[in-house]
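Please open the model in your viewer and keep the selection panel to hand. The tour below moves from a whole chain to individual helix contacts, one selection at a time.

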Amino acid sequence: MTHAPSMRRAASSAAVCGLALAATVAVWWLGSTRLALNAGADASGHAASALQAAWLVRGSALALLAVRAGALRGWRHGAGESLALAAAWWPVAVLAWAASTLPWTQLALAEGLLLAAGVALPALGQRLGAALRQPDVADALSVLLGAAFAAALWSAPGRWVWGG
Amino acid sequence: MTRRRAAAFLTLLGLALCGAAQAATPLLELSASAAWKGWSRPGRATEVDIRIGADAAGQATLDLTASRLSARAELDLQPGRGQRLQMLVGAAEQVAVVATPAGGAAQRFQVDIARSESPILGVALAAGGAARLDGFHSIELAADDLPRNAAAYASIDALIVDAPTLDALDARQRDALLARAAACDRIVVLNLERARRPPDAATGCAGGALASAASLPEALERLQASLATGLPRPMAFAGIGELAPPDAGVWQTVAVALGLYFALTASMLIFGARLPLLLALPALCAAAVLPLLHALTPPSQLVVWSEGASGAPLARYQAWQRFAGVRRERLRAPLPPQLAAGAQPCDARQALHFDIDARGGRPAAVAFDTRLFGRTPLCYAGTFPMARALAVDDGGADSRQLRNTGAAAWPGGTLLAGGQAYALPPLEPGARIAVATGTGRAPDGAVQRIASIRTQAQGAPAGALWPLDLGGVAGLPRDARGWLLVTVARR
């Protein structure tokens, strides 16, 4: 119970991080869309790029955060932080999908994978923390593991999800 | 026993109904051909003439597919009364026509369109006979090979038609031909004076007489001579689209909605909201996005640009309509009935579907896939009657004398001369006014600039520009605007 305020701070920090990412990509998307509309060009490609970029950036941030949060604060708090990070993008995602030519199943698959990772990675971190029993080592190792997941995301899985 | 009787009755009833359905299915006779004997040019519009008959009354559906363009018409067939439909299509290699009677098997017909890289000379002589013009691909035509849609004349580059063929044209073919002659297409009529129904004197290029020749060599000579001078070409559709003001209403709505969402989430974070609320807010906002998009009305813009020569009975118009998308959907938009006959894709790559009104023989609605920020343009081309005539006399170095030589008064507009724009006041028929050359100013805005450039490009010393009164055109979007440019010859 004594850790409750710090837990809430961690969840808020994750939500702030997710909101900042969502706002950044949304500003880029709306700006490039406006430029395309003024030039009489098709804006659907920008929407698809925004969806892909937001998914990759959130996925990387989630990989870095979720394993460590699970190792240090347990699975439940880690999953909450991960969801707070991922959820801020949802309203923009629906708008960007409406402006793109991507099928809705692709967006649902991508978001579903992100949510699944947001639940599974903290569980992995918790098991790692329990196995090592040394918080400093668990912290360092969870960061390394998260970085490895993030790097993997930028290669094969990202291409598979978005058909690249 | 009662059950058996009931079963037998139902069986007999079923058989009778099956028989009735079989008897009601009409046997269709379907044929189709392309205008200009199936010849066209790459990227140009042409016309497919579809003939369909049936041996029994019934309903049928007619589908046409030409590359990315498709059309559908619901037909009410009567025995012995064949129907004809002429549809404007892009010059695809093949046009597939499928007729499906209600409850019957579909019949297919394929029309091949040959696309010539060389310019096409059409020769429509009742007695037959060919003609050759250097560099042109010559095709011999019968009266029925000429299209009913004026826009289908884009497929050819020059036409020689004799008086008997002119007489053999039906009303729609004749209207289309005269509209194109008025629009300065290269059309020469052989022995026009022998026609039983000669056209009005002022139906040729720029309100002049329709070009006539006494013999085939003379007709060829006239066409050859006309090649040396550039003819006024219609304005490009893309250029007309640029006259429409940018419409950022949907973009602004989305930007404001996202701004509100980010502000709300940020304030919740500042006030220390708990995790369930931080998850519920984006989920609720995401769920609210779709109703928000459905609440938006897809805006549409229409721009009409028309041109004619002073005194000419017809003005040529081109219109450009933009449908803005607000959500992922298949949008079906009704077409303005007075413009619908000339509706066509602005770009051959566009996937459009037209619903054809079989009675009127013209598109009634267009359907296409759209999305948020999607913009689908649709183009129209045609002619309308015009009664504007004016003369500009040099009144010395300081002024120009302007005279309304027509039978109708005109409203206020803009006079364009020598690269300058002058205010043009309303003028009654026969009235004249002096316009001081010192009152000229540089053309203001895209419309005046384009009008000034086109006036000079057509070799006219002056042009008069008026806003087009679109009040009489039904079914136009709220944001519709148009202009009429009348070029003037110096007197």
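In what order do the elements of chain A run from the N terminus on? They run α-α-α-α-α-α-α, and the secondary structure of chain A comes to seven helices and zero strands, where helices (H or I, at least four residues) and strands (E, at least two) are DSSP runs numbered from the N terminus. With chain A selected, its C-alpha atoms fill a box of roughly 60 × 35 × 25 Å along the principal axes.

This is a predicted model, in which local features need pLDDT of at least 70 and side-chain atom pairs count only at pLDDT 80 or more, while totals for chains, interfaces and linings use all residues. Residues are numbered from 1 along each chain as its sequence is written, chains are lettered from A and ligands numbered from 1 in the order in which they are written, and side-chain values use heavy atoms, with hydrogens and water left out.

**Stop one: helix 2 of chain A**

Select residues 44–73 of chain A, which form helix 2. Helix 2 of chain A has 30 residues and reaches 41 Å from first C-alpha to last, close to the 44 Å expected at 1.5 Å a residue (the expected span being 1.5 Å times one less than the number of residues). Centre the view on A:Leu62, where helix 2 of chain A has a kink of about 25 degrees; the bend is the angle between axes fitted to the seven residues ending there and the seven starting there. Just after this helix, A:Gly74 takes a positive phi of about 95 degrees.

**Stop two: helix 3 of chain A**

Add residues 75–87 of chain A, helix 3, which packs against helix 2 of chain A at an angle of about 160 degrees with the axes 7 Å apart. The two helices are therefore roughly antiparallel (angles over 145 degrees; under 35 counts as roughly parallel, 65 to 115 as roughly perpendicular and the rest as oblique). Among the residues in contact (heavy atoms within 4.5 Å) are A:Leu62 and A:Arg73 in helix 2 of chain A and A:Trp75 and A:Leu85 in helix 3 of chain A.

**Stop three: across to chain B**

Now select helix 4 (residues 90–99) of chain A with helix 7 (residues 275–295) of chain B, which pack at about 25 degrees with their axes 7 Å apart and are therefore roughly parallel. Finally, add helix 6 (residues 249–270) of chain B, whose axis comes within 10 Å of that of helix 4 of chain A and crosses it at roughly 165 degrees. Here A:Pro91, A:Val92 and A:Leu95 meet B:Val254, B:Leu258, B:Tyr261 and B:Phe262.

Definitions and conventions:
Axes are lines fitted to C-alpha atoms, for helices over the stretch in contact, and angles run from 0 to 180 degrees between N-to-C directions.
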